[in-house]
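Here's a quick tour for anyone opening this one up for the first time. Have a look around, then read on.

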There are 2 protein chains.
Amino acid sequence: MSRNNSSSDIVDRIIRGPAARRIQCRQIRAGQMICGEDEEPSDALLYVRSGRLRSFVSNEGKELTLFVLVPGDCVRFNSDTLLDALRDSEIIFVPMSALREIGRTDAEFAGWAILQLDRLLDRSVQLVKDMAFCDVKQRLIRALCDVADRDGRGGDAGIVIAPSPNADDFANRIGATRQSVSTVMAELIRCGILHRFGQQSMVISDIARLRRELAPDRRTSSRSAPQAAPAWEA
Amino acid sequence: MSRNNSSSDIVDRIIRGPAARRIQCRQIRAGQMICGEDEEPSDALLYVRSGRLRSFVSNEGKELTLFVLVPGDCVRFNSDTLLDALRDSEIIFVPMSALREIGRTDAEFAGWAILQLDRLLDRSVQLVKDMAFCDVKQRLIRALCDVADRDGRGGDAGIVIAPSPNADDFANRIGATRQSVSTVMAELIRCGILHRFGQQSMVISDIARLRRELAPDRRTSSRSAPQAAPAWEA
């Protein structure tokens, strides 16, 4: 199943269907934040039509990125949800009550919703496993591989990521401190795996070696972040 | 919606319906383990009809309990899943392919599957938040409150839990070491919150005080482990 096409076809059909008035489409500017507790409805499946957002949780000044969302992705939106638009984005809220109602008469939509929730569940369990069993270095390497797959472009010196997340972004993403992220980054540069890091760009000079560091877990990792093809191979 | 009744009605109907041959019912003896990678089908929604099981992940000798499953609960079962029967149990495997197929013609079942996946997702995200933001003491207190709600009986000295999980069980459940669990247990005994711990039973002498320690988070905690009513209030 081609995730993006099917998803956008199904969502387009729902938006124009009889439940249209219960579904909200919204434009979000880059940098804008959305807090679940300020929103109505606060219990929804959120679909990303365009752009890029980060879903995160926060507690006493600490943040943890749950998912980076690109077009075709879904996330469960409730009063605890925090979203941060990394680019101008268009999102669609399908309230859970509407979702169940539409699912009653639209079997294709019900199947789509089951698949989306199942994918989110798989990603969440993978996150739990990473936090329980992987140290900062392993979690950071996984995050670097994900960023390379998603945003990297092939270049002479390796895979170029620009703009690149900074140490704080990576720290929030993997639930670590900025300092421990910087320490591992320095180690990867020393080993020649990472060529440069900073000034909003990054070059991964040896992605194969980076991936080998994750080898035993690569199967589950790739399942947790399904993608059509790495951007830098295109 | 009364979770247990509706779930068992729906599951009973599916077992007797036209997709019956694709659904597996299985009896598991207490102490028996099930590994997803040994099973066929390995991609299923597992429904607990009776008994009690623990779903956990494991890596290089370390374990982390994801969910303790009681009748009416579901869990996603795939090649990574490990299950441990804590009591004689009856479980039902609904392969994901059958689940999608049944959902196409049975809207009530599709709605049920959506609800089950959504509950699991909510519990998983709560687990991620606990691991990211709560220290061992907070995670252990939450686990103690859950055990008291689920298994506790009212007694003269407080809430009696017998048999009770031991320090290793709690350590696996919250992703901590046995030693740090024992340290917190000793602290709770010293404060008079826990009356006794060991010899397979435990008495929580001041559950109200234990709950107050979690007060700011109690709302999300109760959402993550929905139950009809605490057993010790019955």
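How much area is buried between chain A and chain B? About 3200 Å², with carbon and sulfur atoms giving 69% of it. Keep in mind as you go that this is a predicted model.

**How the two chains sit together**

- Turn chain A by 180 degrees, with 0.0 Å of shift along the axis, and it superposes on chain B with an RMSD of 0.1 Å. That is the relation of a two-fold axis.
- If you want to find that axis from chain A, look for Leu121(A): its C-alpha is the one in chain A nearest the axis, at 2.5 Å.
- Both copies use the same surface for the contact, since 100% of the contact residues of chain A turn up again in chain B.
- Chain A brings 37 residues to the contact, and chain B brings 37 residues as well.
- As for charged pairs, 4 salt bridges run between chain A and chain B.
- Look for a salt bridge between the side chains of Arg76(B) and Asp118(A), with 2.5 Å from N to O.

**Salt bridges inside the chains**

- Side chains of opposite charge can pair when their charged atoms come close. Over all chains, the whole structure has 40 salt bridges.
- In chain A, Lys137(A) and Glu187(A) pair up through their side chains at 2.9 Å, N to O. Lys137(A) belongs to helix 4 (residues 136-151) and Glu187(A) to helix 6 (residues 178-190), so this pair ties together parts of chain A that are 50 residues apart in sequence.
- Lys137(A) is partly exposed, with a relative accessible area of 24%, and Glu187(A) is partly exposed with 24% too.
- Over in chain B, Glu90(B) makes a salt bridge with Arg49(B), and their closest N and O atoms are 3.3 Å apart. This one links strand 8 (residues 89-95), home of Glu90(B), with strand 3 (residues 44-50), home of Arg49(B), and the two residues are 41 residues apart.
- Glu90(B) counts as buried at 16% relative accessibility, whereas Arg49(B), at 32%, counts as partly exposed.
- Also in chain B, Arg119(B) forms a salt bridge with Asp73(B), with 3.7 Å between the closest N and O atoms. Arg119(B) comes from helix 3 (residues 107-133), while Asp73(B) comes from the loop between strand 5 (62-69) and strand 6 (74-77), 46 residues apart.
- Are those two partners, Arg119(B) and Asp73(B), buried or exposed? Both Arg119(B) and Asp73(B) are buried.
- Back in chain A, Asp12(A), Arg49(A) and Glu90(A) belong to one network, joined by salt bridges that share partners.

**Helix 6 of chain B**

- Helix 6 of chain B covers residues 178-190, which makes 13 residues. From its first C-alpha to its last it reaches 18 Å, close to the 18 Å expected at 1.5 Å a residue.
- Which residues of helix 6 of chain B are buried? They are Val181(B), Val184(B), Met185(B) and Leu188(B).
- Why do these buried residues line one face of the helix? Looking down the axis of helix 6 of chain B, you'd see them fall within an arc of 105 degrees, so they line one face.
- Flip to the other side of helix 6 of chain B and you'll find Gln179(B) and Arg190(B), which are exposed.
- Just after this helix of chain B comes Gly192(B), which takes a positive phi of about 85 degrees.

**A glycine tucked into a loop**

- Gly36(A) sits in the loop that runs between strand 2 (33-35) and strand 3 (44-50) of chain A.
- With 0% relative accessibility, Gly36(A) counts as buried.
- Gly36(A) and Asn78(A) are 42 residues apart along the chain, yet their C-alpha atoms are separated by 5.3 Å.
- Leaving out residues up to four places away in sequence, Gly36(A) touches Ser42(A), Phe77(A), Asn78(A), Ser79(A) and Thr81(A).

**Cis peptide bonds**

- In chain A, the peptide bond joining Ala162(A) and Pro163(A) is cis, with omega about 0 degrees. You'll find Pro163(A) in the loop between strand 10 (158-161) and helix 5 (167-174) of chain A.
- In chain B, the bond from Ala162(B) to Pro163(B) is cis, with omega near 0 degrees. Pro163(B) lies in the loop between strand 10 (158-161) and helix 5 (167-174) of chain B.

Technical notes:
Residues numbered from 1 in each chain as written. Chains lettered and ligands numbered in written order. Predicted model: local features only at pLDDT ≥ 70, side-chain atom pairs only at ≥ 80, totals over all residues. Heavy atoms only, no water. Helix = DSSP H or I, 4+ residues; strand = E, 2+ residues; numbered from the N terminus. Expected span 1.5 Å × (residues − 1). Buried < 20%, exposed > 50% of the residue type's maximum accessible area, 1.4 Å probe, protein only. Arc of directions from axis to C-beta. Least-squares fit on C-alpha atoms with pLDDT ≥ 70 in both. Contact = heavy atoms within 4.5 Å. Buried area = accessible area lost by both parts, 1.4 Å probe.
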